[in-house]
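Here are some exercises to work through with the model open beside you. Try each task before reading its solution.

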Amino acid sequence: IYTSGSTGTPKGVMVEHRQLVNLTAWHAGRFEMKPGSRCVQMASIAFDASVWEIWSTLSHGGILLLPPAPAADVMSILRWWVSQPMEACFLTTPLAVIALNEGLINPDLKYLLVGGDRLQNAPTWLPDGLELSNNYGPTETTVFATSSRVSVNEAVVSIGRPITNVRIYLLDRLGQPVPLGAIGEIYIGGAGVA
């Protein structure tokens, strides 16, 4: 996967099978993926989240639904999306915010997964039975490193806890752990690091 990260200069990230297996195994357990589960691939193939959508679905016997040719506008693609039978789906954070604000949520959807941008505010409502999952991580950690269940009207939206076999450290400028509540930089380790 190619990413510019924070540098703006494209660079390749070599994700190996073992990192992808870790991600898809966590996904299957966390979001109840099983043979026949239906998911929609909403992320561009150039976006690392597409790796998550494709392989988490297909490697567990799920059905991957592909959107029609690129839509001229956001609302038309969301209208197509909301009409698809699915249990779990990823949307980029800005697209998910639009879907929630417009009430465009599929009644069969159990898990709405968001990421790729900061979720600024918790939603003011969620349909009954829908869990909103905020996910964080750079491409170098095989798409996502942390995940959090978001509650309605949460004061601060968390990036969550590490997914299975991933470790998160908050370190100061000298590489030492910061005390609880102090500001630090996130360091990610474990099975997800490419």
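**Exercise 1. Describe the lining of the largest pocket by residue class, then place the pocket in the fold.**

Step 1: The lining divides into 13 nonpolar, eight polar and three charged residues. Here Ala, Val, Leu, Ile, Met, Phe, Trp, Tyr, Cys and Pro count as nonpolar, Asp, Glu, Lys and Arg as charged, and the others, Gly among them, as polar.

Step 2: Bear in mind that this is a predicted model, in which local features need pLDDT of at least 70 and side-chain atom pairs count only at pLDDT 80 or more, while totals for chains, interfaces and linings use all residues. Residues are numbered from 1 along each chain as its sequence is written, and side-chain values use heavy atoms, with hydrogens and water left out.

Step 3: The largest pocket holds about 430 Å³ of space. Of its 24 lining residues, Gly 116, Asp 117, Arg 118, Asn 135 and Tyr 136 are the closest to its centre. A pocket is an open set of points on a 1 Å grid over the protein atoms alone, with protein on both sides within 12 Å along at least five of seven lines; a cavity is a set where a 1.4 Å probe fits but cannot get out, and lining residues have an atom within 4 Å of a point. Grid points are joined across faces, edges and corners, and a volume is the space filled by probe spheres set on them.

Step 4: Strand 1 (2-3) and strand 7 each supply at least two lining residues, and strand 7 gives the largest share, three. Strands (E, at least two residues) and helices (H or I, at least four) are DSSP runs, numbered from the N terminus.

**Exercise 2. Which residues line the largest cavity, and which element supplies the largest share?**

Step 1: The whole structure has one cavity of 30 Å³ or more, and the largest cavity holds about 80 Å³.

Step 2: Its lining consists of His 27, Cys 39, Val 40, Trp 52, Glu 53, Ser 56, Thr 57, Leu 64, Ala 88, Cys 89, Phe 90 and Leu 113.

Step 3: Helix 2 contributes the largest share, four residues. At least two residues each come from strand 3 (38-40), helix 2 (49-58) and strand 5 (88-92).

Step 4: By class, eight lining residues are nonpolar, three polar and one charged.

**Exercise 3. Trace the salt-bridge network around Glu 131.**

Step 1: A search of the whole structure finds five salt bridges, each a side-chain nitrogen of Lys or Arg within 4 Å of a carboxyl oxygen of Asp or Glu.

Step 2: Glu 131 pairs with Arg 30, their closest N and O atoms being 2.2 Å apart. Glu 131 sits in strand 7 and Arg 30 in helix 1 (residues 17-30), so this bridge ties together parts 101 residues apart in sequence.

Step 3: Arg 149 also forms a salt bridge with Glu 131, at 3.6 Å from N to O. This pair links strand 8 to strand 7, 18 residues apart.

Step 4: Shared partners join Arg 30, Glu 131 and Arg 149 into one network.

Step 5: Now add accessibility, where buried means under 20% relative accessible area, exposed over 50%, and partly exposed in between (1.4 Å probe, protein chains only). Glu 131 is buried at 9%, Arg 30 is partly exposed at 27%, and Arg 149 is exposed at 55%.
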